[in-house]
Every structure is written in C-alpha cells, then in structure tokens.
Amino acid sequence: MKVLITGTTQGIGKAIAERFLKENHTVIGIDRQESSIDDVNYTHYQCDVRDYERLPELSGVNVLVNNAGTQNEQDIDVNLKALIHITEKYGIQKDIRSILNIGSASAHTGAEFPEYCASKAGILAYTKNVAMRVAPFNAICNSLDPGGVITPLNDCVINDPVLWEAIMNETPLKRWATAEEIAEWAYFLTVTNTFCTGQSILVDGGESINYNFIWKE
Ligand SMILES: NC(=O)c1ccc[n+]([C@@H]2O[C@H](COP(=O)([O-])OP(=O)(O)OC[C@H]3O[C@@H](n4cnc5c(N)ncnc54)[C@H](O)[C@@H]3O)[C@@H](O)[C@H]2O)c1
C-alpha cells in the first residue's frame, strides 16, 4: 500500500513509518526536518505542513497518518488546520482505505496547554466528519489519542528526575508508552481494522480515568 505519514523524522511518526516499512509498504514522509530513515521503500519531503504551496503533488494514497504536531507553537495551525488541509488534499479520494489522526488524551480531558488541547479536541469532530465522507470509498477514519509517550517532544520533563517522579505519581500504570507501542496501535487501526470508523481510541495507560473518589469512611 501507499502510505503517507506526516512528522516522520522523530518520535511517534518515525516509529509508525518504520512499522509500515517492516511490512514492505511504500512510505512517503513529510517533515520540516531532514529525513532520518534510510530505506528503499521510503521517500522524504522536507516541508512544513503549514506551507500549503510547497506540499508535494501525490496521487493514489491508500493510508494517511496525520501525525505531525507541536506543543505551544501555533498548535491550532499545525495540529488542526494543517491536518485538515492535508486530509482534504490527499485523503478524500477513491484510492483511500484508511485515515488515522494522531490526537491526544488531552482532547478528552482538557489537560495540558490551552491551544494544544483545543487543537486536539477539534480532531475528534473532524475525524467523524471525514469518516462519513470516505465511507462511500469503503474507507475508514479514526483518531488515536495517546497519553504520555516517550519521545523527544517530552525530553524536558523526561530528563528532569523531580518532574518525572511527580508525573509518575499521577500515572496509573507508572510508565509512559514507547513510540513503538503507539506505532503498533496505528498499524492495527489502519490495516488490521476495516470496520471501526469515526472513533477516537484512547491509549493512555489510564491517565484520563485518574480520579479521586471522595466518600464518608
Ligand atoms: N509524545 C507524547 O506524549 C504525545 C502524547 C499525545 C499525542 N502526541 C502527538 O503525537 C504526535 C507526534 O508527537 P511526538 O511526541 O512524536 O513529537 P516529536 O516532536 O518527537 O515529533 C514530531 C515530528 O513532527 C515534525 N513536525 C512538527 N511540526 C511540523 C510541521 N509544522 N511541519 C512538518 N513537520 C512537523 C517534527 O519535525 C518531528 O519530526 C503529535 O501530534 C503529538 O501531539 C504525542
């Protein structure tokens, strides 16, 4: 299959690209940084997803994974508006089989930075909108909404022992996911899955159900 993934130079996007390459799919990556993947089945376009004029002309994409994302850096423009533009450009067409939007647990809880959680919450509604529009092509669209994942995006807290201990105290499973674990979910939701559509799949180790039950002793 022809697979287009944004944000493939590091973190979750790189792990998803490598997961598809392992199965010999043809993978095309778009990232504002240089490529870090060396594989004959991989083609890289160095481009900002907001630079609509410079995006490559591609046809026949079968799987689209919208993964490129930022925190506190014009998040609505990158995480939501560019995701919509990329989906309309490459995803809404007869060869599409599956679209996966990488959202966030914060879309469900409102946690983290204001623009960030709002950008991710917008993905929830847009995912349903797209699911209805690609259904006539026998295609699906879902979002994968991770909690904490060990990636360079989070280096500032991962590498701070005091902050990391505080985060683990709030985290039911006492660990964060690896990028490879999230990539496995991405592969399952886009290739193995052919019937679940318009849904937001939370993969967060219980982060979003972390509640305190107050009751009389
Ligand atoms: N790491 C987490 O804990 C976590 C949790 C929930 C959701 N997410 C989401 O997962 C996705 C990937 O996050 P990550 O942790 O791998 O981040 P990361 O910063 O490690 O990697 C993001 C990649 O996207 C690229 N990118 C960013 N902005 C871009 C732009 N404007 N144009 C083109 N490329 C761009 C970067 O160059 C980088 O290669 C993001 O959408 C993020 O919001 C991450």
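Me: Which residue in strand 3 stands opposite isoleucine 30?
Reply: That's tyrosine 45. Bear in mind that this is a predicted model.

Me: What makes strand 2 and strand 3 count as a pair?
Reply: The cut-off is at least two bridges found by DSSP. Strand 2 (residues 26-31) and strand 3 share five bridges, in the parallel sense, so they qualify as a pair.

Me: Why are strand 3 and strand 9 called edge strands?
Reply: Start with the sheet: seven strands, open, in the order 3-2-1-4-5-6-9, with parallel pairing. Strand 3 (42-46) and strand 9 (200-203) each pair on one side only. On average, neighbouring strands here are turned by 15° against each other, ignoring direction.

Me: Which helices pack on these strands?
Reply: Helix 1 lies across strand 1 (2-6), strand 2, strand 3, strand 4 (63-66) and strand 5 (98-102), and runs at about 170° to strand 1. Helix 7 (residues 179-192) packs on the sheet too, touching strand 4, strand 5, strand 6 (140-146) and strand 9. Its direction makes about 165° with that of strand 6.

Me: What makes a residue part of the shell around the ligand, and how many are there?
Reply: Its C-beta atom, placed from the backbone, has to lie within 6 Å of the ligand. There are 27 such residues, and the closest are Gly7, Gly11, Gly69, Thr151 and Leu153.

Me: Which helix gives the largest share of that shell?
Reply: Helix 1, with three residues. Helix 1 (11-22) and helix 2 (75-91) each supply at least two.

Me: How many shell residues are nonpolar, polar and charged?
Reply: Nine are nonpolar, 14 polar and four charged. Glycine counts as polar, so Gly7, Gly11 and Gly69 go in the polar group.

How values were computed:
Residues are numbered from 1 along each chain as its sequence is written. This is a predicted model: local features need pLDDT of at least 70, side-chain atom pairs count only at pLDDT 80 or more; totals for chains, interfaces and linings use all residues. Helices (H or I, at least four residues) and strands (E, at least two) are DSSP runs, numbered from the N terminus. Axes are lines fitted to C-alpha atoms, for helices over the stretch in contact, and angles run from 0 to 180 degrees between N-to-C directions. Two residues are in contact if their C-beta atoms, placed from the backbone, lie within 7 Å.
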